[in-house]
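Here are a few notes to go with the model you are looking at. Have it open and turn it around as you read.

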Amino acid sequence: MEDYRRIADRLAEEILTGRLKAGERLPPQRVFARRRRIAGSTAGRVYGELVRRGLVVGEVGRGTFVRAAPVPSGRALAEPATTAAVNLELNYPSVEGQSELLAGGLVPLLRADVLGEATRPVPATGTAAAREAVAGLLAGSGWRPHPEQLLFAGNARQAIAGALASLVRPGGRVGVEALTYPLVKEIATRIGCTLVPLETDGEGLLPGAVAAAHHSAPLAALYVQPTLHNPTSATMGDARKRELAEVVRELGLPVVEDRIWSFLHEEGVPFAAYAPERVHVVDGLSKRVAPGLTVGFLVVPEGRAEAAAGALRSGGWTAGRFALEAGTRWVQDGVVDRLVADRRADAARRQRVVAELLDGFAVRADPSAYYAWWELPSPWRADTFTAAAAARGIAVTPGSAFAVGAQGAPDAVRLGLASVPVPVLGQALRTLRDVARGGP
């Protein structure tokens, strides 16, 4: 009897060479077995092997389909990972006149005496000037971090890694929204912790879901995006934040609050204001300023600075001195505030394009966000739609990239709106609209 793996190898070759195309439905296993003159159990093992290799996906009641591609890693949301002409995976804002604004802040750093100081090593605590400047930058309604609570990482992703590494031992459980920032999944794998998906609604994380998960098996920490959640754009209201703060305080649960997109939103009181003794706040400059020269911020509760700084040092995640000096000057000179104002206007303009061109579809997006969550019309699935978009030169992120745990990934895609010119974005959305209407 022919080995099932050899049969799987031949089918894999057909998929990888394009003879079996993304979205194509494989015959039912009994039909496949009859055609190949193999046992039904062998056919089942062939299909199982293809699923294991990430080449097909089985759907109860519908059959087995060729995947668009292996589920992308979080790298697709952090650096170029596609040759598509229009990249709606990456999401780095840039506005007209940005380079000229930034150049002015760099001029003083080019003096020999200043440059010498700016290229020396810097600790996780940064400099006094950086702490004062960033404390003012992050201050919100009802909350202003004390400068001594601030630590600095190379970027916000490293700040998340440092915070979690300082809070969670290998094997520990971290509660997250059921859809979460993809790179958090990779961070969790690298530091050896397990992510626990928690139920959400239109306002974000449900406090009751946190308590239920913790009582089932204790959580070591909670990672949450209360403002402009990525990918759904959900934002917690003040009442929800108060309720969640009461739960984490009662459970004694530390929290990592990711605020990387919050600068776009005219929100109320930040979540950290409700439980400052429990919340570690992550933010940074990449979205406000530029992706290639950035600094991550980590605000820690009282008594947590040394543990968090140690995690940043051991991971090699502390900020570079030159980037820290440049960022500090841009904050002090008002450049960052000007860029934030420009980005808010730019994001609102792009959301109007989305609202106009995808009217009638199930799109979740905040008017101030730089992304949109598109729940695809039936019978589209996320992987086949992603493949259809890629065939037209457009890269989007499938819902599976954000899903945590064993539950089925949603048939939705995230559209990153920031990284292409507005006219290009408009044309891409028209193309995607036509694809969605045409059906798979």
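**Rings and a cavity**

1. Let's start with a charge and a ring: Arg-381 sits over the face of Phe-65, 4.2 Å from the ring centre. Keep in mind that this is a predicted model.

2. Now for rings meeting rings. You describe a pair of aromatic rings by the distance of the centres and the angle of the planes. This structure has nine aromatic pairs. One of them is Trp-374 with Phe-385: the centres are 5.3 Å apart and the planes are at 75 degrees, so we call the pair edge-to-face, as planes over 60 degrees apart count that way.

3. Where do those two rings come from? Trp-374 belongs to strand 15 (residues 371-375) and Phe-385 to helix 14 (residues 382-391), so the pair ties together parts that are eleven residues apart in sequence. Both Trp-374 and Phe-385 are buried.

4. Phe-385 also forms an aromatic pair with Trp-380, again edge-to-face, with 5.2 Å centre to centre and 90 degrees between the planes. Are these two buried or exposed? Trp-380 has 6% relative accessibility, so it counts as buried, and Phe-385, at 0%, counts as buried too.

5. Have a look at Trp-261, Phe-263, Tyr-370 and Tyr-371 as well: ring pairs link them into a cluster.

6. Last, the empty space. Searching the whole structure turns up one cavity of 30 Å³ or more, and the largest cavity holds about 40 Å³ of space. Its lining includes Val-134, Leu-285 and Phe-297. Helix 12 (residues 321-332) gives the most to that lining, with four residues. By class, the lining has six nonpolar, two polar and no charged residues.

Notes: Residues are numbered from 1 along each chain as its sequence is written. This is a predicted model: local features need pLDDT of at least 70, side-chain atom pairs count only at pLDDT 80 or more; totals for chains, interfaces and linings use all residues. Side-chain values use heavy atoms; hydrogens and water are left out. Rings of Phe, Tyr and Trp (its six-membered ring) pair if their centres lie within 6.5 Å; planes under 30 degrees apart count as stacked, over 60 as edge-to-face and the rest as tilted. Buried means under 20% relative accessible area, exposed over 50%, partly exposed in between (1.4 Å probe, protein chains only). A charge sits over a ring if NZ of Lys or CZ of Arg is within 6 Å of the ring centre and within 35 degrees of the ring normal. On a 1 Å grid over the protein atoms alone, a cavity is a set of points where a 1.4 Å probe fits but cannot get out, and a pocket is an open set with protein on both sides within 12 Å along at least five of seven lines; lining residues have an atom within 4 Å of a point. Grid points are joined across faces, edges and corners, and a volume is the space filled by probe spheres set on the points. Ala, Val, Leu, Ile, Met, Phe, Trp, Tyr, Cys and Pro count as nonpolar, Asp, Glu, Lys and Arg as charged, and the others, Gly among them, as polar.
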